[in-house]
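User: I am new to this structure and would like to learn how to read it. Could you guide me through its features in turn?

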Amino acid sequence: MTVSVFDLFKLGVGPSSSHTMGPMTAACRFLQRLRSGGRLASVARVEIKLYASLALTGRGHATDRAVLLGLMGHEPAELDPDQGDADLAALKASGTMKLGDDGPAIAFDEAKDLVWAGRERMPQHPNALTFTAFAADGETLDQRTYFSIGGGFVRDEEEITRNSADEPGPDVPYPFESSAELLIKADEAGLTIAELMMANETARTPQAEIEAGLDRIVDAMEACIDRGVRQGGILPGGLSVKRRANQVFTAIMAKVEKQISDPLAAMDFVNLWALAVNEENAAGGKVVTAPTNGAAGIIPAVLRFHNRFYQGTADTRRMFLLTAAAIGALYKKNASISGAEVGCQGEVGVACSMAAGGLAAAMGGSNAQIENAAEIAMEHNLGLTCDPIGGLVQIPCIERNAMGAIKAIDAARLALLGDGEHSVSLDKVIATMKRTGEDMNEIYKETSLGGLAAGMPVNRVEC
């Protein structure tokens with residue numbers, strides 16, 4: 001399977017790529033399945049059953065809202081949050097839901113039609129949900145189970161058991177399955193990792209379109225930072241977490257005259273930018289999945305660090321994203337980017353590794369130094385648990401992005417001080433991350449049953 005840069009970086013909606021975007025996409029797919037099978041007009045009732053991690057933390061991650069919006073025809077990349085809120089309010093008031101633009105209006109009773117299955121788990125993946133459509137006489141018209149496998153990616157019950165890609169797509173000139181293979185092929189072709197990725201991308205799409213797409217990703221990341229910095233107030237969900245980015249920005253600007261003499265002033269800005277993005281995500285705003293929503297603040301913060309403090313150009317920004325995507329593809333192929341599957345090492349850890357490699361490339365590092373930077377970043381995120389308090393992508397998730405961004409910068413700088421030679425390979429670290437995730441107790445894998453989340457009282461409010 002060839003993973004594209006646009007698979008890993010895509011516009012979505014918060015607070016979670018696996019618990020919000022994935023279920024919304026799954027609902028859209030089930031709607032399309034009914035449509036293409038000629039059964040949509042006959043549907044009188046739909047039941048949605050959420051399992052394991054989706055059930056245990058789904059309310060905090062807005063999974064319930066996501067599946068309803070998906071059944072109404074909203075897709076993550078195109079969702080207008082205001083329109084989505086209006087449609088959900090209309091559903092709550094009327095008890096009636098229209099299936100897409102062309103489907104029937106059906107009665108929907110959330111207490112009966114949305115089933116929270118608790119710790120019941122499907123064997124294939126902890127993020128599972130089943131849609132069942134019924135006719136007016138109670139006959140089952142169709143049923144399908146989907147798995148939200150992280151980063152907004154969705155597989156159905158057939159796809160998740162395949163060993164091949166759903167859509168093989170065009171052959172690429174430099175396929176790679178490991179970092180060792182990536183380095184060998186780049187060296188043999190005399191290419192940087194970014195150039196190799198661009199060559200693979202152009203097998204699908206003209207280079208001008210790829211560059212324009214990368215620029216749109218950068219623009220969306222920048223806009224998300226700026227929007228997050230402007231906002232204040234309390235994040236939804238019941239924890240009463242205050243948005244801090246605006247306050248942090250004010251504090252930084254109040255001491256701006258001292259910034260020149262402060263050798264660590266750049267850290268304040270990196271922290272600010274990461275906080276801003278993840279507060280936007282926690283509020284259900286538009287973010288770029290990078291590679292997940294829970295870790296969406298790390299790459300934008302590190303990329304802006306490069307732009308602001310090292311005069312980044314369009315070329316170096318594209319180099320950053322292409323390199324980061326190559327690293328992310330290795331984790332996607334050989335381990336996981338799902339917090340429900342391997343803990344937060346698969347989200348913040350992977351984003352930190354991608355950002356470290358991307359920054360090392362943008363700073364002129366060799367391919368060996370880039371691989372070393374990515375390895376250092378993950379090596380020091382191994383075992384990172386996913387234990388969000390109240391099932392909300394807020395504590396410790398928001399601050400964890402700030403810490404991950406700083407760690408990524410440090411990993412890149414440390415790698416650039418060396419010659420790329422090191423004892424532990426990126427492949428070894430990825431394999432270790434996967435095994436660590438497999439050994440990790442489920443209470444530390446996005447269930448909010450252990451760790452920081454255990455025993456923390458949450459005053460849940462309807463939002």
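Analyst: The discussion below takes up a sheet, a helix beside it, the nonpolar cores and a pair of helices. Please keep in mind that this is a predicted model.

User: Let us begin with the sheet. What is the order of its strands?

Analyst: A sheet is read by the order of its strands and by the sense of their pairing. Here, five strands form an open sheet in the order β5-β2-β6-β7-β8, and the pairing is mixed. Strands β5 (114-116) and β8 stand at the edges with a single partner strand each, so one side of each has no neighbour in the sheet. From one strand to the next, the twist averages 20°.

User: How many bridges join β6 to β7, and how many join β7 to β8?

Analyst: Strands β6 and β7 run antiparallel and are joined by seven bridges. Within this pair, Leu 129 stands opposite Tyr 146, and Ala 133 stands opposite Asp 142. Strand β7 (residues 140-150) is also antiparallel to β8, with four bridges between them; there, Gly 150 has Phe 153 as its bridge partner. On the other side, β2 (residues 45-50) pairs with β6 in the antiparallel sense over six bridges, and Glu 47 stands opposite Thr 132 in β6.

User: Which residues take a positive phi in the hairpins?

Analyst: The hairpin of β6 and β7 has five residues between the strands, and Gly 138 takes a positive phi near 90°. The hairpin of β7 and β8 has two residues between its strands, and Gly 151 in the turn has a positive phi of about 70°.

User: Are the faces of β6 buried or exposed?

Analyst: One examines each face of a strand separately. In β6 (residues 128-134), seven of seven residues are buried. Ala 128, Thr 130, Thr 132 and Phe 134 lie on one side, while Leu 129, Phe 131 and Ala 133 lie on the other. In the edge strand β8 (residues 153-156), Phe 153 and Arg 155 point one way and Val 154 and Asp 156 the other, and all are buried.

User: Which strands does helix α4 touch?

Analyst: Helix α4 packs on the sheet and touches β2, β5 and β6, its direction making about 145° with that of β2. Eight of the nine residues of α4 (residues 63-71) are buried, including Ala 66, Val 67, Leu 68 and Leu 69. After α4 comes Gly 73, with a positive phi near 100°.

User: Turning to the interior, which residues touch the most other members of the largest nonpolar core?

Analyst: In soluble globular proteins, nonpolar side chains tend to be buried together. The largest nonpolar core here has 100 residues, and those touching the most other members are Phe 9, Met 221, Ile 299, Val 302, Leu 321 and Tyr 331. Helix α15 (residues 348-362) gives the most to this core, namely 11 residues. Apart from it lies another core of 34 residues, among them Leu 34, Leu 50, Leu 54 and Met 97.

User: How do α13 and α16 pack?

Analyst: Two packed helices are described by the angle between their axes and the distance between the axes. Helix α13 (residues 314-334) and helix α16 (residues 367-379) pack at an angle of about 55°, with axes 11 Å apart. That angle is why α13 is oblique to α16. The crossing of α13 past α16 is right-handed. Thr 323, Ile 327 and Tyr 331 in α13 meet Ile 370, Ala 374 and Met 378 in α16. Beyond its neighbours within four places in sequence, Tyr 331 also has contacts including Val 350, Leu 426 and Met 433.

How values were computed: Residues numbered from 1 in each chain as written. Predicted model: local features only at pLDDT ≥ 70, side-chain atom pairs only at ≥ 80, totals over all residues. Heavy atoms only, no water. Core = buried A, V, L, I, M, F, W, Y, C linked by side-chain atoms within 4.5 Å. Buried < 20%, exposed > 50% of the residue type's maximum accessible area, 1.4 Å probe, protein only. Contact = heavy atoms within 4.5 Å. Pairing = 2+ DSSP bridges. Axes fitted to C-alpha atoms, helices over the stretch in contact; angles between N-to-C directions. Parallel < 35°, antiparallel > 145°, perpendicular 65-115°, else oblique. Left-handed = near helix turned anticlockwise from the far one by under 90°.
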